[in-house]
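User: I'm new to this one and would like to know what stands behind the labels people use. Can we go through them one by one?

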Amino acid sequence: MSIALRTLDDGAWISINDSRQVSVSDVWSLTTGAFCDCSPAYVLLEAFVDVDIDGSIVVVHAVGQCLECGTRDSIERLPVGRIVNDDFYPYDPEGVQWLVEPDGERP
């Protein structure tokens, strides 16, 4: 079965199989150096630009701002959840995340 991924409402939501699943209203914890120099960086997502799947991991390209230092930048390949047996399981935004590198390794 194929999985339908798309952004909705001018980048405010990620839709998976026609169901709103991930919202920009969450603050994501990112590891040191992944977004800015804060340790960790608490980043409020402002908009989703794109959504994709890397194996079973749903990744987004988003724009956000660090709540500590004010850095505003784009985030590429932020993992937001995974697909298991055609079901979506979101990651906890408060859990420390890392960016998915093209070769599948953590920085």
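User: Where is Asn85 placed?

Analyst: Asn85 is in the loop between strand S7 (72–84) and strand S8 (87–90). Keep in mind that this is a predicted model.

User: Why is Asn85 called exposed?

Analyst: Exposed means over 50% relative accessible area. Asn85 comes in at 70%, so the label exposed fits. Its backbone is worth a look too: phi of Asn85 is near 50°, a positive value in a residue other than glycine.

User: What is phi of Asn17, and where does Asn17 sit?

Analyst: Phi of Asn17 is near 55°, again a positive value in a residue that isn't glycine. Asn17 sits in the loop between strand S2 (13–16) and strand S3 (19–23).

User: What makes Asn17 partly exposed?

Analyst: Buried is under 20%, exposed is over 50%, and partly exposed is what lies in between. Asn17 has 29% relative accessibility, so partly exposed is the right word for it.

User: Let's step back. How many helices and strands does the protein chain have?

Analyst: Zero helices and nine strands. Along the sequence that reads β-β-β-β-β-β-β-β-β. Of the 107 residues in the chain, 34% count as buried.

User: Why is Ser29 called buried?

Analyst: The cut-off for buried is under 20%. Ser29 has 4% relative accessibility, so it counts as buried. It's placed in strand S4, and among the residues it touches are Ala41, Tyr42, Pro93 and Gly95.

User: What makes the link from Ser29 to Glu94 a polar contact?

Analyst: For a polar contact, an N or O pair has to be within 3.5 Å, with one atom able to donate a hydrogen and the other able to accept it. The side chain of Ser29 reaches the backbone oxygen of Glu94 at 3.3 Å, so on distance the pair is within the 3.5 Å limit.

User: Which residues have the most contacts inside the largest nonpolar core?

Analyst: That core has 23 residues, and those with the most contacts inside it are Leu30, Phe35, Ala41, Leu45, Phe48, Val60 and Leu78. S2, S4, S5, strand S6 (57–66) and S7 each supply at least two of its residues. S5 gives the most, with five.

User: What does Leu45 touch?

Analyst: Leaving out residues up to four places away in sequence, Leu45 touches Val24, Asp26, Trp28, Ala62, Val63, Gly64, Ile75 and Leu78.

User: Now the charges. What makes Arg6 and Asp18 a salt bridge?

Analyst: Side chains of opposite charge can pair when their charged atoms come close. The limit here is 4 Å between a side-chain nitrogen of Lys or Arg and a carboxyl oxygen of Asp or Glu. For Arg6 and Asp18 the closest N and O atoms are 3.2 Å apart, so the pair qualifies. Arg6 lies in strand S1 and Asp18 in the loop between S2 and S3, so the bridge ties together parts twelve residues apart in sequence.

User: How many salt bridges are there by this rule?

Analyst: The count comes to four. One of them joins Glu46 and Arg72, with the closest N and O atoms 2.7 Å apart. Glu46 is in strand S5 and Arg72 in strand S7, so that pair ties together parts 26 residues apart in sequence. Another salt bridge is Asp54 with Arg77, at 2.6 Å. Asp54 also lies in strand S5 and Arg77 in strand S7, so the parts tied together are 23 residues apart in sequence.

User: Why is Arg72 called exposed, and Arg77 partly exposed?

Analyst: Arg72 has a relative accessible area of 52%, which is over the 50% mark, so it is exposed. Arg77 has 25%, so it falls in between the 20% and 50% cut-offs and is partly exposed.

User: Which residues make the nonpolar surface patch?

Analyst: Tyr42, Leu44 and Leu67 make a patch of about 270 Å². Leu44 is in strand S5 (residues 41–54).

User: How do you know that Leu44 can belong to a patch?

Analyst: Patch residues need over 30% relative accessible area. Leu44 has 31%, so it clears that bar while counting as partly exposed.

User: And which peptide bond is cis?

Analyst: The one from Ser39 to Pro40, with omega near -15°. Pro40 is in the loop between strand S4 (27–30) and S5.

Note on methods: Residues are numbered from 1 along each chain as its sequence is written. This is a predicted model: local features need pLDDT of at least 70, side-chain atom pairs count only at pLDDT 80 or more; totals for chains, interfaces and linings use all residues. Side-chain values use heavy atoms; hydrogens and water are left out. Patches are made of residues with over 30% relative accessible area and no salt bridge: like charges are joined within 9 Å, nonpolar side chains (Val, Leu, Ile, Met, Phe, Trp, Tyr) within 5 Å. Accessible areas come from the Shrake-Rupley method with a 1.4 Å probe; for residues, only the protein chains shown count as cover. Helices (H or I, at least four residues) and strands (E, at least two) are DSSP runs, numbered from the N terminus. Buried means under 20% relative accessible area, exposed over 50%, partly exposed in between (1.4 Å probe, protein chains only). A nonpolar core is a set of buried Ala, Val, Leu, Ile, Met, Phe, Trp, Tyr and Cys residues joined through side-chain atoms within 4.5 Å. Contact means heavy atoms within 4.5 Å.
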